[in-house]
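Here are a few friendly notes to read alongside the structure. I start with the charged groups and then turn to the fold as a whole.

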Amino acid sequence: MAKWIEWTDEQRAVWAEWLASRPQVIQDMAAKFPPDELYRLGSSGHRVTLYSYSEDGTMTVNVTGDFNFVAFDRRVFGITPDDLEPCDLPSPDERKVIQI
């Protein structure tokens, strides 16, 4: 499993404060799926980052050219936790979309 971003201590504190004010379902999802980790979406094989947690137990994810060979970035909602698994960053020689 790979961290796609490194948080400062201040960012971690803000995150913890925000998370403590959320419903339990959100806290549980965030504990199992931290937003600073990279995940593989099982249904498509894309690497994704988390955008949001929903009270219905689903998440919204980002599919970007930073971690995938895609024609355009997109945000996908309604993703169930069962469809995500932690993954590694792409290798340096993996093809990527050139961002203009």
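1. To begin with charge: the protein chain carries 10 positive and 17 negative side chains, and the centres of the two sets are 5 Å apart. Please keep in mind that this is a predicted model. Searching the whole structure gives 3 salt bridges.

2. Lys3 is a good place to look. Its salt bridge with Asp36 has the closest N and O atoms 2.9 Å apart. Asp36 sits in the loop between helix 2 (24-32) and strand 1 (39-41) and Lys3 in the segment before helix 1 (9-20), so this pair ties together parts 33 residues apart in sequence. Lys3 also meets Glu37 in a salt bridge, at 3.2 Å from N to O. That pair, too, links distant parts of the chain, 34 residues apart.

3. How exposed are these partners? Asp36 counts as buried because its relative accessibility is 8%, below the 20% cut-off. Glu37 is buried as well, at 7%, whereas Lys3 is partly exposed at 37%.

4. Within helix 1, Asp9 and Arg12 are 3 residues apart, about one turn of the helix. Their salt bridge has its closest N and O atoms at 3.5 Å. Asp9 is exposed, with a relative accessible area of 63%, and Arg12 is partly exposed at 38%. By contrast, shared partners join Lys3, Asp36 and Glu37 into one network of salt bridges.

5. On the overall fold, the chain has 2 helices and 5 strands, in the order α-α-β-β-β-β-β. Its radius of gyration of 14 Å agrees with the value near 13 Å for a compact globule of 100 residues. Buried residues make up 35% of the chain.

Key:
Residues are numbered from 1 along each chain as its sequence is written. This is a predicted model: local features need pLDDT of at least 70, side-chain atom pairs count only at pLDDT 80 or more; totals for chains, interfaces and linings use all residues. Side-chain values use heavy atoms; hydrogens and water are left out. Helices (H or I, at least four residues) and strands (E, at least two) are DSSP runs, numbered from the N terminus. The radius of gyration is taken over C-alpha atoms; the globule rule is 2.2 Å times the number of residues to the power 0.38. Buried means under 20% relative accessible area, exposed over 50%, partly exposed in between (1.4 Å probe, protein chains only). Lys and Arg count as positive and Asp and Glu as negative; His and the chain ends are not counted. The place of a charge is taken as NZ of Lys, CZ of Arg, CG of Asp or CD of Glu. A salt bridge is a side-chain nitrogen of Lys or Arg within 4 Å of a carboxyl oxygen of Asp or Glu.
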